[in-house]
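Subject: A structure for you to explore

Hi there,

Here is the structure I promised to pass on to you. Have a look at it first, and then read my notes below with the model open beside you.

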Amino acid sequence: MNTLQDAILANGGEIFARMHGQAPSVFSRKNLIGRLLNWSMANEAVKTQLFRFIDVLPSLRSSSEVTEHACTYLGTCSGGLPVPVRGVVRLSRIFPWLTAFAARQSVVRLAHQFILAPTAAEAIPVLRRMRQLPLAFTVDVLGETAVSENEADHYQARYFDLIDALADEAETWPRLEQIDTDDRGAIPKVNLSV
């Protein structure tokens, strides 16, 4: 085995050894979100229905629409849902406003685990801190599926703004061997998924 592979395995083993026995508090928001993600990813039918519900949620305008969609999407996989979630789905028709509020708040909390910032200007300080750790990253603009020319122009403009902002910012970043090079030499400091 080559020495790079040996080093990777040794470092990975050390990371896992240091993590052994550590877990966030039972009442920690990160723990709850992590458990919900693990639970939903373990059941393909639940995962599919959950992501369909999350995908349509922003377009739903009333509490009754949220309730109807929750029952439609999540009611069909009730056998795969944890007991508390099944109870919420059943009670959603009685308290649609509460269901809508809880669904929207849950999706916002989940999104904050994956969405860095709504604009390039807000993302740059976070990316700067990530590099200081040092962590490599790939930047993506969410929602680039466009169904009209107007939407396509909007997303294109967002990408161009992001490219310009990241190019200017990346010029000020010092080179970090750990994340800016590989076995073949220098690699880009910024990666943008399109």
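Let's begin with Y155, a residue of helix 8. Please keep in mind that we are looking at a predicted model. Is Y155 buried or exposed? With a relative accessible area of 17%, Y155 is buried, because the cut-off for that word is under 20%. Try finding V141 as well: Y155 and V141 are 14 residues apart in sequence, and their C-alpha atoms are 8.1 Å apart in space.

Now look at the whole of helix 8. This helix has 22 residues and reaches 31 Å from its first C-alpha to its last, close to the 32 Å expected at 1.5 Å a residue. Which residues of helix 8 are buried? They are Y155, Y159, L162, L166, E169 and A170. If you look down the axis of helix 8, these buried residues fall within an arc of 100°, so they line one face of the helix. Turn to the other side of helix 8 and you will find E149, N150, D161 and D168 exposed. The buried residues of helix 8 are covered by parts of the chain that include helix 7, strand 1 (139-140) and strand 4 (192-193).

That leads us to the nonpolar cores. In soluble globular proteins, nonpolar side chains tend to be buried together. The largest nonpolar core here has 12 residues: A120, I124, L127, F137, V139, V141, Y155, Y159, L162, L166, A170 and W173. Helix 7 (120-132) and helix 8 (149-170) each supply at least two residues of this core, and the largest share, five residues, comes from helix 8. Another core, of nine residues, lies apart from it, and V56, L57, V66 and A70 are among its members.

A small detail to look for sits in the loop between helix 7 and strand 1, where you will find P134. The peptide bond from L133 to P134 is cis, with omega near -10°.

Next, helix 6. How far apart are the end C-alpha atoms of helix 6? They are 22 Å apart, and this agrees with the 22 Å that its 16 residues (96-111) should span at 1.5 Å a residue. The buried residues of helix 6 are T99, A100, A103 and L110. Seen down the axis of helix 6, they fall within an arc of 105°, so they line one face of the helix. On the other side of helix 6, W97 and F101 are exposed.

Helix 6 also meets helix 4. The axes of helix 4 (residues 63-75) and helix 6 come within 8 Å and cross at roughly 75°. Helix 4 and helix 6 are therefore roughly perpendicular to each other. Where they meet, S63, S64, V66 and T67 come from helix 4, and P96, W97, T99, A100, A103 and R104 come from helix 6.

Two residues in this part of the chain are worth a look. S92 lies in the loop between helix 5 (83-91) and helix 6, and S92 is buried, with a relative accessible area of 0%. Leaving aside residues up to four places away in sequence, S92 touches T67, C71 and T99. The other residue is G75, in helix 4. At 31% relative accessibility, G75 counts as partly exposed. With residues up to four places away in sequence again left out, G75 touches A70 and V89. The C-alpha atoms of G75 and R86 are separated by 7.8 Å, although these residues are 11 residues apart along the chain.

Back at the start of the chain, helix 1 (residues 3-19) has 17 residues that should span 24 Å at 1.5 Å a residue, and its end C-alpha atoms are 24 Å apart, which agrees. Just after helix 1, G21 takes a positive phi of about 85°.

Finally, the overall picture. How many helices and strands does the chain have? There are nine helices and four strands, and from the N terminus on they run α-α-α-α-α-α-α-β-α-α-β-β-β. Buried residues make up 22% of the 194 residues in the chain. Of the contacts with a separation of 6 or more, 54% are between residues 24 or more positions apart.

Enjoy exploring!

Best wishes

Key. Residues are numbered from 1 along each chain as its sequence is written. This is a predicted model: local features need pLDDT of at least 70, side-chain atom pairs count only at pLDDT 80 or more; totals for chains, interfaces and linings use all residues. Side-chain values use heavy atoms; hydrogens and water are left out. The expected span of a helix is 1.5 Å times one less than its number of residues. Buried means under 20% relative accessible area, exposed over 50%, partly exposed in between (1.4 Å probe, protein chains only). The arc is that of the directions from the helix axis to the C-beta atoms. A nonpolar core is a set of buried Ala, Val, Leu, Ile, Met, Phe, Trp, Tyr and Cys residues joined through side-chain atoms within 4.5 Å. Axes are lines fitted to C-alpha atoms, for helices over the stretch in contact, and angles run from 0 to 180 degrees between N-to-C directions. Angles under 35 degrees count as roughly parallel, over 145 as roughly antiparallel, 65 to 115 as roughly perpendicular and the rest as oblique. Contact means heavy atoms within 4.5 Å.
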